[in-house]
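Reader: Could you take me through one part of this model in close-up? I'd like to see how a single residue sits in its surroundings, and then how that spot fits the rest of the chain.

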Amino acid sequence: MSHLPELRYPSVTEIVTAARALAAHRPDLCVLRQVGVSRGGRPLHLLSVGHARRAVLVVAGAHANEPTGGSTLLHLAERTLLQRELRRDTSWHFLLCADPDGASLHVTPAPRTLLDYHLGFFRPAGPEQPEWSPSVLPPDRLPPETRALTRVIDELRPYLQVTLHGTDLGGSWVQLTKDIPGLAEPFAKSAAELHIPVETAASDAAGWPASGPGVHVMPAPGSDTAYPSMPDDARHSTWYHAHRYGGLTAVVEVPMWASDLVDDPAPHPDPAAALRRLARRLLTDAVQVEAVLGRAAPRLPGPDGPLLRAAKWALELVPGLAGDWSQAPPADLTMAYVGSVDAFGRRLPLRAASMLLRVLQEADDSEVPLLADLVASWSEAFAERFRARWVPLENQVEHQARTVVAAARHARDSAA
């Protein structure tokens with residue numbers, strides 16, 4: 001029995017159809033229900049497998065541009081049905097897509113290159129992201145997707161929430177809101193077997209303690225952050241909502257394209273100088289995108305749509321982030337960390353340019369050829385610099401699924 005679409009990333013409709021088929025196949029164990037509605041009127045679905053009170057919640061699609069999670073979620077749902085030991089004392093609950101509106105705008109289900117990926121790119125502005133919005137918005141302005149997710153957590157009180165994320169190019173890593181002793185070993189073993197590098201010093205987790213290579217534990221709320229300019233502090237996200245019930249959250253990241261430059265633990269010869277150089281390049285790249293936006297803006301119809309809001313949001317982050325890199329001591333002194341920052345610095349203006357390009361193409365604007373050349377050249381340079389190699393979709397899914405199962409087992413054992 002397999003309801004997993006092969007060789008490409010499934011759409012939200014395909015994920016829901018597959019989940020409905022699973023629920024119809026085993027109605028004694030499965031329930032598929034609607035738990036909310038997006039801002040655009042799209043339903044949010046939760047698939048539950050098993051009846052035990054102890055619960056694991058798995059969330060896919062929190063970031064529209066990270067498509068592996070939908071495939072992994074379906075794979076895990078099938079696995080929990082087939083392997084009785086996984087549901088012996090645990091029920092599994094799968095939020096099929098936390099942001100269906102965003103998913104409808106990211107349109108690269110089968111990217112062959114980084115350019116393909118970016119030509120259909122979409123990632124919402126921070127206030128519009130369901131997991132991140134509580135870190136940048138007051139409670140009375142949270143989007144309905146966020147409220148639906150927190151209601152599900154309130155109902156299930158999971159001992160573990162796992163949110164399935166990914167990166168375009170790099171390695172795999174895990175972020176934990178509390179440590180899960182024993183997780184690092186199966187995580188590293190799975191990555192090695194599937195030829196996926198471990199991102200040992202991910203910039204997303206800069207300055208966090210590690211319980212093992214690539215397994216990072218978030219600092220407590222109130223402690224200093226490595227990048228103080230960034231407005232979306234993970235410690236105020238929905239990841240911490242499970243803590244009120246004694247639970248924790250694991251964020252499992254997996255790359256679409258792998259790079260062995262992000263798992264080198266060797267000391268960098270001069271990380272501070274390298275970060276200053278990367279900050280200058282980040283500012284220079286962003287200025288090029290801002291110049292295009294400035295020339296085209298008077299010709300664009302208003303109000304701003306989600307693509308333009310997201311592009312502007314990404315550009316607004318650049319000055320503060322460049323300052324963080326230039327002025328503060330490096331959060332890590334390794335080659336891996338500098339490599340991760342290098343990737344982040346390429347990624348941010350490229351994403352802004354990609355989303356702006358889609359806006360300008362829709363408006364048939366005269367700036368399209370210039371911006372299209374920029375997106376193409378930056379995508380090619382990104383792939384070339386990091387010697388990008390495609391990670392087969394089945395390996396992305398298998399590694400993410402193995403890590404989820406290992407996290408559930410070790411979190412349960414450490415709480416016993």
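Author: Here is a close look at leucine 73, followed by some loop residues and the chain overall.

First, the ground rules. This is a predicted model, so local features need pLDDT of at least 70 and side-chain atom pairs count only at pLDDT 80 or more, while totals for chains, interfaces and linings use all residues. Numbering starts from 1 along each chain as its sequence is written, and side-chain values use heavy atoms, with hydrogens and water left out.

Leucine 73 belongs to helix 2, residues 68–82. (Helices are DSSP runs of H or I with at least four residues, strands are E runs of at least two, and both are numbered from the N terminus.) Its relative accessibility is 0%, so leucine 73 counts as buried; the cut-offs are under 20% relative accessible area for buried, over 50% for exposed, and partly exposed in between, with a 1.4 Å probe and protein chains only. What does leucine 73 touch, leaving aside its neighbours within four places in sequence? Val58, Ala60, Phe94, Leu95, Leu96 and Leu164 are in contact with it, contact meaning heavy atoms within 4.5 Å.

Now hop over to aspartate 364, which is 291 residues from leucine 73 in sequence and 38 Å away in space, C-alpha to C-alpha. Aspartate 364 sits in the loop between helix 9 (335–362) and helix 10 (368–385). Its relative accessible area is 70%, so aspartate 364 is exposed. Its phi is near 55 degrees, a positive value in a residue other than glycine.

Histidine 195 also has a positive phi, near 60 degrees, and isn't a glycine either. You'll find histidine 195 in the loop between helix 6 (184–193) and strand 7 (210–212), and it counts as exposed because its relative accessibility is 57%. If you like checking omegas, try the peptide bond from glycine 302 to proline 303: it is cis, with omega near -5 degrees. Proline 303 is in the loop between helix 7 (271–296) and helix 8 (306–327).

Zooming out, the chain has 11 helices and 10 strands, and buried residues make up 58% of its 416 residues. A compact globule with 416 residues would have a radius of gyration near 22 Å, and the chain's 21 Å agrees; that radius is taken over C-alpha atoms, and the globule rule is 2.2 Å times the number of residues to the power 0.38. Of the contacts between residues at least 6 apart in sequence, 79% join residues at least 24 apart.
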